[in-house]
Amino acid sequence: MAVHLHEEDLPADVKFADGPIAVDTEAMGLVPGRDRLCLVQLSDGHGDEHLVRFGRGSDYSAPNLKALLADPNRLKLYHFARFDVGIMQAYLGILAAPLYCTRTASRLVRTYTDRHGLKDLVKELLNVDVSKQQQCSDWGADELSDAQRDYAASDVRYLHALKEKLDERLEREDRVALAQACFDFLPARALLDIAGWPEQDIFAHDG
Ligand code: MN
């Protein structure tokens with residue numbers, strides 16, 4: 001099990017196992033038009049994590065990464081897909097779907113709590129403690145610290161295991177189809193954010 005850091009693209013010789021791929025991103029902030037995309041993290045669930053870092057002034061060409069993320073036959077796992085899909089659309093120009101979102105699944109089955117952060121999910125469903133200490137750190141720095149690398153990798157490390165647990169709960173609560181409908185709509189929700197409807201509920205009667 002190792003964390004691999006790459007600059008500007010995934011090397012062509014990196015091979016991922018078949019099946020879903022866990023994806024996360026780190027940016028300078030949460031406003032896609034303002035805050036540049038700094039890092040994309042990937043895991044096939046078999047132990048290694050790959051981090052692709054983009055420097056300031058990057059052209060975000062990254063053909064290998066884009067081919068993987070845009071592959072319509074490869075399910076992407078996210079925790080809060082709405083942000084990651086949106087910022088990757090804005091910077092990489094690809095729609096990284098089809099997708100599964102562990103946060104959305106959690107909201108559909110863990111209705112007894114409002115704690116749907118990755119840390120909360122990993123603790124309750126997998127009984128593992130993960131640190132979120134580096135969450136708000138400078139992802140645009142010239143050198144990423146060891147703590148940043150570990151943190152970034154840990155954000156994709158547990159998504160396959162979480163999906164398994166959440167799928168059992170969705171099944172139990174008879175919400176599999178509803179979850180799938182949400183996942184199918186999520187790219188459109190992310191595009192609405194990017195296009196200028198970040199806060200509004202377009203289905204709402206008022207506003
Ligand atoms: Mn993250």
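So, which way do strand 3 and strand 4 run, parallel or antiparallel, and how many bridges join them? Strand 3, residues 37-43, runs antiparallel to strand 4, and five bridges join the two. Before I go on, a reminder that what you have on screen is a predicted model.

Let's stay with that pair for a moment. Strands 3 and 4 make a hairpin, with five residues between them. If you look in the turn, you'll find G45, which has a positive phi of about 90°. For one specific contact in the pairing, take L42: its bridge partner in strand 4 is H50.

Strand 4 also pairs with strand 1, residues 3-7. Here the two run parallel, and again there are five bridges. V3 is bridged to E49 of strand 4.

Now, how many residues of strand 4 are buried? Five of the five, residues 49-53, so the strand is largely enclosed by the rest of the structure. By buried I mean under 20% relative accessible area. As for where they point, E49, L51 and R53 go one way, H50 and V52 go the other way, and all are buried. Have a look at E49 and R53 in the viewer, since both of those point the same way as L51.

Okay, pockets. The largest one holds about 890 Å³ of space. It has 33 lining residues, and nearest its centre you find L30, F80, F83, D84 and Q135. Which elements supply at least two residues each to that lining? They are strand 2 (21-27), helix 2 (81-92), helix 4 (118-126), helix 5 (146-157) and helix 7 (176-195). For anyone thinking about chemistry, the lining breaks down into 15 nonpolar, eight polar and ten charged residues.

On to the second largest pocket, with a volume of about 520 Å³. There are 20 residues lining it, and R82, T104, F185, L186 and R189 are the closest to its centre. Helix 2, helix 3 (102-109) and helix 7 each give two or more residues to this lining. Which of them gives the most? That's helix 7, with six residues. By class, we have twelve nonpolar, two polar and six charged residues in this lining.

One last thing to look at in the viewer is helix 7. That helix supplies at least two residues to the lining of the largest pocket, and it also gives the most to the lining of the second largest. Helix 2 turns up in both places too, with at least two lining residues in the largest pocket and two or more in the second largest.

Conventions:
Residues are numbered from 1 along each chain as its sequence is written. This is a predicted model: local features need pLDDT of at least 70, side-chain atom pairs count only at pLDDT 80 or more; totals for chains, interfaces and linings use all residues. Side-chain values use heavy atoms; hydrogens and water are left out. On a 1 Å grid over the protein atoms alone, a cavity is a set of points where a 1.4 Å probe fits but cannot get out, and a pocket is an open set with protein on both sides within 12 Å along at least five of seven lines; lining residues have an atom within 4 Å of a point. Grid points are joined across faces, edges and corners, and a volume is the space filled by probe spheres set on the points. Helices (H or I, at least four residues) and strands (E, at least two) are DSSP runs, numbered from the N terminus. Ala, Val, Leu, Ile, Met, Phe, Trp, Tyr, Cys and Pro count as nonpolar, Asp, Glu, Lys and Arg as charged, and the others, Gly among them, as polar. Buried means under 20% relative accessible area, exposed over 50%, partly exposed in between (1.4 Å probe, protein chains only). Two strands pair if DSSP finds at least two bridges between them.
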